Structure formats: structure tokens, C-alpha cells
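Trainee: I would like a close look at a single part of this model, the packing of one pair of helices, and then at how the rest of the fold is arranged. Please take it slowly and give the cut-offs behind each term.

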Amino acid sequence: MLYEHRVLTTHQIANLAFPSVRTAQRRLRTLHQHAVLDSFRPLTQTGSAPEHYTLGPAGASVLAAYLGCDPSHLGWRPSHTGRIAYSPSLGHDLGVNDLLTRLAAHGRSTAATGLSLWLSERSCARRWGDIVRPDGYAHWHDRGQLLPFFLEYDTGSQPLPRVEAKLAGYATFTVTTGARPALLIHTRTASRDQALRRRLVGPARELDLRVATSSADFTTTDSWGPWWSPLTGPDTRRTTLTDLAQRWPEVSPASDLEPTDADTALTLPVPPLPPAPEAST
């Protein structure tokens, strides 16, 4: 998961793989001591940030040996953690990972619910970069309902016309592939959400896209909840991801997700959750 998503905080990792934060901290400290993981803490104006974990040198070597390649083929360098820690996109990347981690982790406590697939921005670019470059692609499932969606995580740094221009790429994707995933746009504030909605409602209708928006003012804990507002249609009131799947029966998954002869171990999707522990005998 750290190779796929580059950086995850202690709490994100705990949500995905451990019964408690304390258990996660103990295991992560051990992995850090053995250089399987590396870590850093960004400076904050108030309080302290959680530990941020990345792939360490031993972890990169083990993963490369498992995949049968050189660590350099992973894109890992000794400066790996430093590049992430000082990247201007760190806040954006953590926001994407936090939103999707919450969706994935929901499946650990609620049967038949959660993410069955989660592709990172890098994996999306490898597959569809000539058409669209979303911040993620995922499948939300809940009791037989499936919502395949692209995610655009909007921090407010891009002007509205540039965000609007992305819609043409998603329309091209539908025409080119015959698949119709939904597009979820998540913003930092409700005011940015409303500004985007006013700007995008016309183009989304003209391009026949299924778009829903929300903001961090609503999705702080249960991002699967009734916080997503369809951009077009007869009912644009906020609703759940599961209800979006019911409202949009024409939505369909991307069609090129099955492994092919062109795939390698590096290009196959990473499961959103680790394997469940085997029951003791």
C-alpha cells in the first residue's frame, strides 16, 4: 500500500490494517527500526502532525525481490522520503488517501460494504493518462450496489476554468472505452463546492456525465454518508454513495481492469485492504 499510495499516516494505516492505533504504532516502530519503512512528521502551526510513513530502503529491497526487479524500477531512491516530505502536493496526496482510506476501512466493520478496488493517481495515469488523470479510481460496493467512480480531489489551487476543462476528458473516456464510471469531486470547503457546481452544471449536462460533489465540511468521518450532491438530474439533494449507485443504473466500471499479457507485477492493482488474518487452529 505504501508503494502504491506513496505516503500514509499512522491513523490511515491503523484504519486499513490494525485493530487499534496503539497496535499499529508498535508494529510500525518495529518496521521503521528495520528500515522496512521510513517516516517523517511535517511541521504544523499548532499541535503536532501524526507520523507519516513511506517505503524504506529495506522495504524497497524486499518488494523488489518479491517482484523480481531492481529497486530502481520501483521508482525508489535514497531521497524517496525527502521528496515526498517536501513535495508541494503532500497535502493533496494525504487528502486523497484519507478520503479513500475511510471508505476502504469501512468494509472492516460493515459486512458487504467498502472498496473492492482502489487505484492510485499513478496507477490511473499508467492506464488512462492519455485521456484522463484522476486522483484515484475506486469501486464502492454496498449490499449488491456498485458505484465505480473517478475521484477529483480539489484543494482550491486550480482556477475554475481548468477544473471545467477536465470534464471533456471524462466524456472522451466514456466515448472511447464505452464505460461510464461516475465522477466524484471533493473540495476542501462548502463555498468552493458551490462555486464549482455553478461552473460545472452546464458542461456536465451537455457532456452527459454523472457527477456528484461534496466537501470536507461534511465528509470528515463517514465519507460514504449522505454528503454527495448530484450535479444534474431531477434530484440534486445530498445523498449517500450507495444511493448514487441506485440513481445512476447506467454507470459502469472501467473496462480494462483485468490483467493482460502487457501487465507486470508492478502494474497489477494493489488490494485496498490487506488479507484477513487466518483463524488460529
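In which kind of crossing, left-handed or right-handed, does H8 pass H9?

Mentor: The crossing of H8 with H9 is right-handed, where the near helix is turned clockwise from the far one by less than a right angle (anticlockwise would be left-handed). Before going further, note that this is a predicted model, in which local features need pLDDT of at least 70 and side-chain atom pairs count only at pLDDT 80 or more, whereas totals for chains, interfaces and linings use all residues. Residues are numbered from 1 along each chain as its sequence is written, and side-chain values use heavy atoms, with hydrogens and water left out.

Helices (H or I, at least four residues) and strands (E, at least two) are DSSP runs numbered from the N terminus. H8 covers residues 160-177 and H9 covers residues 190-207, and the two pack at an angle of about 35° with their axes 10 Å apart; axes are lines fitted to C-alpha atoms, for helices over the stretch in contact, and angles run from 0 to 180 degrees between N-to-C directions. Contact means heavy atoms within 4.5 Å, and on the H8 side it is made by Leu160, Pro161, Val163, Glu164, Leu167, Ala168 and Ala171. H9 answers with Arg192, Ala195, Leu196, Arg199, Leu200, Pro203, Ala204 and Leu207. By class, this contact has twelve nonpolar, no polar and three charged residues, where Ala, Val, Leu, Ile, Met, Phe, Trp, Tyr, Cys and Pro count as nonpolar, Asp, Glu, Lys and Arg as charged, and the others, Gly among them, as polar.

Beyond the C-terminal end of H9, Asp208 lies in the loop between H9 and strand E8 (211-215). This Asp208 has a positive phi of about 60° although it is not a glycine, and with a relative accessible area of 37% Asp208 is partly exposed; buried means under 20% relative accessible area, exposed over 50%, and partly exposed in between, with a 1.4 Å probe and protein chains only. A similar entry can be made for Ala35, in the loop between H3 and strand E2 (37-40), which has a positive phi of about 65° although it is not a glycine and counts as partly exposed at 26% relative accessibility. H3 itself has 13 residues and reaches 18 Å from its first C-alpha to its last, close to the 18 Å expected at 1.5 Å a residue, the expected span being 1.5 Å times one less than the number of residues.

The wider setting is given by the nonpolar cores, each a set of buried Ala, Val, Leu, Ile, Met, Phe, Trp, Tyr and Cys residues joined through side-chain atoms within 4.5 Å. In the largest of these, which has 32 residues, Leu100, Leu115, Leu147, Phe149, Leu184, Leu241 and Leu244 touch the most other members. Among the elements that each supply at least two residues of this core are helix H6 (90-109), strand E4 (113-120), strand E6 (145-154) and helix H10 (241-247). H6 gives the most, with five residues. Apart from this core lies another, of 23 residues, and among them are Leu167, Phe173, Leu200 and Leu257; Leu167 and Leu200 were also named in the contact of H8 with H9.

Turning back to the largest core, Leu241 touches Leu103, Trp140, Leu147, Leu184, Ser223, Trp224, Gly225 and Trp228, not counting residues up to four places away in sequence. Leu103 and Trp140 appear again around Gly114, which, with that same exclusion, touches Leu103, Gly107, His139, Trp140 and His141. Gly114 lies in strand E4 and counts as buried because its relative accessibility is 2%. Gly114 and Arg102 are twelve residues apart in sequence and 9.0 Å apart in space, C-alpha to C-alpha.

Two residues from the N-terminal part complete the view. Thr9, in strand E1 (residues 8-9), counts as buried at 9% relative accessibility, and leaving aside its neighbours within four places in sequence, Thr9 is in contact with Pro50, Glu51, His52 and Leu94. Arg6, by contrast, is partly exposed, with a relative accessible area of 29%, and sits in the loop between helix H1 (2-5) and E1. Although Arg6 and Glu121 are 115 residues apart in sequence, their C-alpha atoms are 10 Å apart in space.
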